[in-house]
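Here are some notes to read alongside the structure, for anyone opening it for the first time. Take them in order, with the viewer open.

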Amino acid sequence: MAAKKGKKAAKKPAARKRKTLLRAKAAFHYLAVLTFAAALVSWPAWQFELKQSDYSALLKAPGVVSWDALTNVAYTRHEGKTALRFDDGIQALDGKAVKLRGYITPLNSGTDQRHFILSSRPPTCPYCLSAGVDEMVEVFCKRPVMYSLDPITVFGQLEILHEDASGFFYRMVDAAPVSSND
């Protein structure tokens, strides 16, 4: 009986070593698969320049303020606080009646919109914001505008918002849609 116990005792360390070796191999294979998957996912970025759709051509029209002009905003420190610094070209538009062309992101349900976000990019869904805060204008219209996936042109008074609680940089009030004939 003592001989049997000795064999079992000798088998236990060998069995433990095999289990440890199998676990190490399994972990190696798992990490190898993860590394391969990560390389496979990022491979297109290495091989090709990924291009986003350029909607800017659809937004250009005579007399329309360009979205590029509205993005000339910087953050600065003033008296220990972070403040917005707008480009002189943007400052000149403050309080002026301007035309903007962009895509509607509705803020209310329904097809008729009086209060919406106008942005330089089409929304990915009807209630999602698709652009940065410097590429969005909060719009308040005199009369309802029909929601559309196509870009629209609106005419109204542009306000620059330096410290608005909404987080927007720009607001257009007394806006009205511009027909394609205008």
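1. Let's begin with a salt bridge: Glu135 and Arg121 meet through their side chains, at 3.4 Å from N to O. Keep in mind that this is a predicted model. Both residues sit in the loop between S4 and S5, so the pair ties together parts of the chain that are 14 residues apart in sequence. Glu135 is buried, at a relative accessible area of 15%, while Arg121 comes out as partly exposed, at 34%.

2. Stay with Glu135 for a moment. What else does its side chain meet? There is a polar contact of 2.5 Å between the side chains of Glu135 and Ser120. Ser120 belongs to that loop too, between strand S4 (112-119) and strand S5 (136-146). With a relative accessible area of 8%, Ser120 is buried.

3. How many salt bridges does a search of the whole structure find? The count is three. One of them joins the side chains of Glu138 and Arg171, at 2.9 Å from N to O. Glu138 is in strand S5 and Arg171 in strand S7, so this pair ties together parts that are 33 residues apart in sequence.

4. Arg171 has another partner, Asp164, and the closest N and O atoms of that salt bridge are 3.2 Å apart. Glu138, Asp164 and Arg171 are therefore worth viewing together, as they are linked in a network of salt bridges, and Arg171 counts as buried because its relative accessibility is 16%, under the 20% cut-off. Glu138 is buried as well, whereas Asp164 is partly exposed, with a relative accessible area of 28%.

5. Now for the overall layout. Five strands close into a barrel, and going round it the order is S3-S4-S5-S7-S6, with mixed pairing. From one strand to the next, the twist averages 45 degrees. Strand S3 (residues 97-106) pairs with strand S6 (residues 152-160) in the antiparallel sense, over six bridges. If you want a spot to check, Leu100 has Val154 in S6 as its bridge partner.

6. Which residues touch the most other members of the largest nonpolar core? They are Leu100, Phe116, Val137 and Tyr170, in a core of 26 residues. Helix H3 (67-70), strand S2 (81-86), S3, S4, S5, S6 and strand S7 (170-177) each give two or more residues to this core. Apart from it lies another core, of five residues, including Met136 and Phe168. As background, nonpolar side chains tend to be buried together in soluble globular proteins.

7. Val137 deserves a closer look. Leaving aside residues up to four places away in sequence, Val137 touches Trp67, Leu70, Leu100, Phe116, Ile117, Leu118, Leu158, Tyr170, Arg171 and Met172. Note that Arg171, from the salt-bridge network, appears among those contacts.

8. Strands S1 and S2 form a hairpin with two residues between the strands, where Glu79 takes a positive phi near 55 degrees. The two strands run antiparallel and are joined by six bridges, with S1 covering residues 73-78. Within this pair, Thr76 stands opposite Ala83 of S2.

9. Last stop: Gln91, in helix H4 (residues 88-91). Is Gln91 buried or partly exposed? It counts as partly exposed, at 34% relative accessibility. Beyond residues up to four places away in sequence, Gln91 touches Phe86, Ile160 and His162. Gln91 and Ile160 are 69 residues apart along the chain, with their C-alpha atoms separated by 7.6 Å.

Methods: Residues numbered from 1 in each chain as written. Predicted model: local features only at pLDDT ≥ 70, side-chain atom pairs only at ≥ 80, totals over all residues. Heavy atoms only, no water. Helix = DSSP H or I, 4+ residues; strand = E, 2+ residues; numbered from the N terminus. Buried < 20%, exposed > 50% of the residue type's maximum accessible area, 1.4 Å probe, protein only. Contact = heavy atoms within 4.5 Å. Polar contact = N/O pair within 3.5 Å; in protein donor to acceptor, adjacent residues only side chain to side chain. Pairing = 2+ DSSP bridges. Axes fitted to C-alpha atoms, helices over the stretch in contact; angles between N-to-C directions. Core = buried A, V, L, I, M, F, W, Y, C linked by side-chain atoms within 4.5 Å. Salt bridge = Lys/Arg side-chain N within 4 Å of Asp/Glu carboxyl O.
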